[in-house]
Amino acid sequence: MDSINKLRDARAKICEQLSQVIVGQDAVIDELLITLFCRAHAILEGVPGLAKTLLISTLSRALNLSFSRIQFTPDLMPGDITGTDIIEEDRSTGTRNYRFIQGPLFANVVLADEINRTPPKTQAALLEAMQERQVSVGVIRHKLPDPFFVLATQNPIEQEGTYPLPEAQQDRFMFKIFVKYPNFKDEFEIAKRTTTLQTDNIKPVLQANEILEIQNAVREVPISDHLIRFTLALVRQTRVNEEDTPDFIQQQLAWGAGPRAVQFLILGAKARALMNARTHVTAEDIIALAHPVMRHRILLSFPAESDGITPDQVISQLLEETPAREDELMRHPRFQKMFQ
């Protein structure tokens, strides 16, 4: 109960602060908080002007964490984000020593703005930071602060001069979050707020040590063996080279999701359960997170892309054809063979 109260209070306080600046986008905010509480990273994809950058910078202020914004450009080099060694001379002795100058990655919340605008060499510099939470410069490894939270943004409509993220790097992100246009009511409020004199008063409501406590509490939430099997069933069915893969998957996918999809679905479901004042995971938690966890981990076949099919449509069909109830799942002949 203590974990539930802590996380629920934290969510309410953060949302209260964000509401001073951000209008609507409740689903996006919840998915960002789940990412934070799971000690993971996320990609936000949306057209310009939807306040992606503002949302992330405001979140860092509400969390009382150090914040760094990296504007990714075609000429950005790996050393520009990780940091570099410089030679420093001691004038009294004449000796020269190396000193490491930290790059913008050394912050608790890192906004990688327009990540698909920088070449693969610089994109790859994020891999070690995101996975190992350290950067290597020369032969020296430098640990990053904890908590460490990378939020990347990308624009889906500008393709000229961009470098799509490789699958290996996309897999490091827990969620791919779609930021959509606001509804009429929210856009009316945005227009009203942003065209008058207004000031915000964002107050820090969560400290670094409290975030670490919540991250540990999330991992302690129990999940039944049935729901682990259900998660495995969803993910393993996307793998076209596995036996008993559904026909529509064979036709529409060229590549499926890996083990990280299973791990992030379970972790995300645990965080969502706590956020909804429950001490146990339900199938609804896994179903709710299937799209943001899996949409960037499956690769469409050429015929499917030509027909205008999207990854979200494939995931929706997969959810429809996978029984969530234990008795139905275990009696299904296709899954019986899978679980052997």
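# A tour from strand E6 to helix H3

Begin by selecting Gln134, which lies in strand E6, residues 134–137. The model on screen is a predicted one. With a relative accessibility of 12%, Gln134 counts as buried, since the cut-off for that label is under 20%. Now show what surrounds Gln134. Apart from neighbours within four places in sequence, Gln134 is in contact with Glu128, Ala129, Arg141, His142, Lys143 and Leu144. Add Phe148 to the selection and draw a line between the two C-alpha atoms: Gln134 and Phe148 are 10.0 Å apart in space and 14 residues apart in sequence.

**The whole chain**

Zoom out and colour by secondary structure. The chain has 16 helices and 11 strands. Its radius of gyration is 22 Å, close to the 20 Å that the globule rule gives for 340 residues, so the chain is as compact as a globular protein of that length. Along the principal axes, the C-alpha atoms fill a box of roughly 80 × 45 × 40 Å.

Switch to a surface view. The accessible surface of the chain comes to about 17100 Å², and carbon and sulfur atoms hold 50% of it. Of the 340 residues, 49% count as buried. Among contacts with a separation of 6 or more, 76% are between residues 24 or more positions apart. Colouring by charge is another option here: the chain has 37 positive and 44 negative charges, and their mean positions are 3 Å apart.

**The loop before H3**

Next, select Gly46, in the loop between strand E1 (42–45) and H3. Is Gly46 buried or exposed? Gly46 counts as buried, at 4% relative accessibility. Leaving out neighbours within four places in sequence, the contacts of Gly46 are Lys52, Gln154, Asn155, Pro156 and Val179. One of these, Lys52, is itself among the buried residues of H3. For a longer span, pick Arg193 as well: Gly46 and Arg193 are 147 residues apart in sequence, and their C-alpha atoms are 21 Å apart.

**Helix H3**

Move along to H3, residues 52–62. Of its 11 residues, 8 are buried, so the helix is largely enclosed by the rest of the structure. To see them, select Lys52, Leu55, Ile56, Ser57, Thr58, Leu59, Ser60 and Ala62. An α-helix has 3.6 residues a turn, so residues three or four places apart point the same way.

Within H3, centre on Thr58. Thr58 has a relative accessible area of 0% and is buried. Which backbone oxygen does the side chain of Thr58 reach? The partner is the backbone oxygen of Leu54, at 2.6 Å. Beyond its neighbours within four places in sequence, Thr58 is in contact with Leu18, Val21 and Ile202.

Then go to Ser60, also found in helix H3. Ser60 counts as buried, with a relative accessibility of 2%. With neighbours within four places in sequence set aside, the contacts of Ser60 are Leu65, Phe67 and Val109.

**Leaving the helix**

Finish at Asn64, just after H3. Check the backbone angles there: Asn64 takes a positive phi of about 55°.

Methods
Residues numbered from 1 in each chain as written. Predicted model: local features only at pLDDT ≥ 70, side-chain atom pairs only at ≥ 80, totals over all residues. Heavy atoms only, no water. Helix = DSSP H or I, 4+ residues; strand = E, 2+ residues; numbered from the N terminus. Rg over C-alpha atoms; globule rule 2.2 N^0.38 Å. Buried < 20%, exposed > 50% of the residue type's maximum accessible area, 1.4 Å probe, protein only. Contact = heavy atoms within 4.5 Å. Areas by Shrake-Rupley, 256 points an atom, 1.4 Å probe, with all protein chains shown as cover. Lys, Arg positive; Asp, Glu negative; His and termini not counted. Charge placed at Lys NZ, Arg CZ, Asp CG, Glu CD. Polar contact = N/O pair within 3.5 Å; in protein donor to acceptor, adjacent residues only side chain to side chain.
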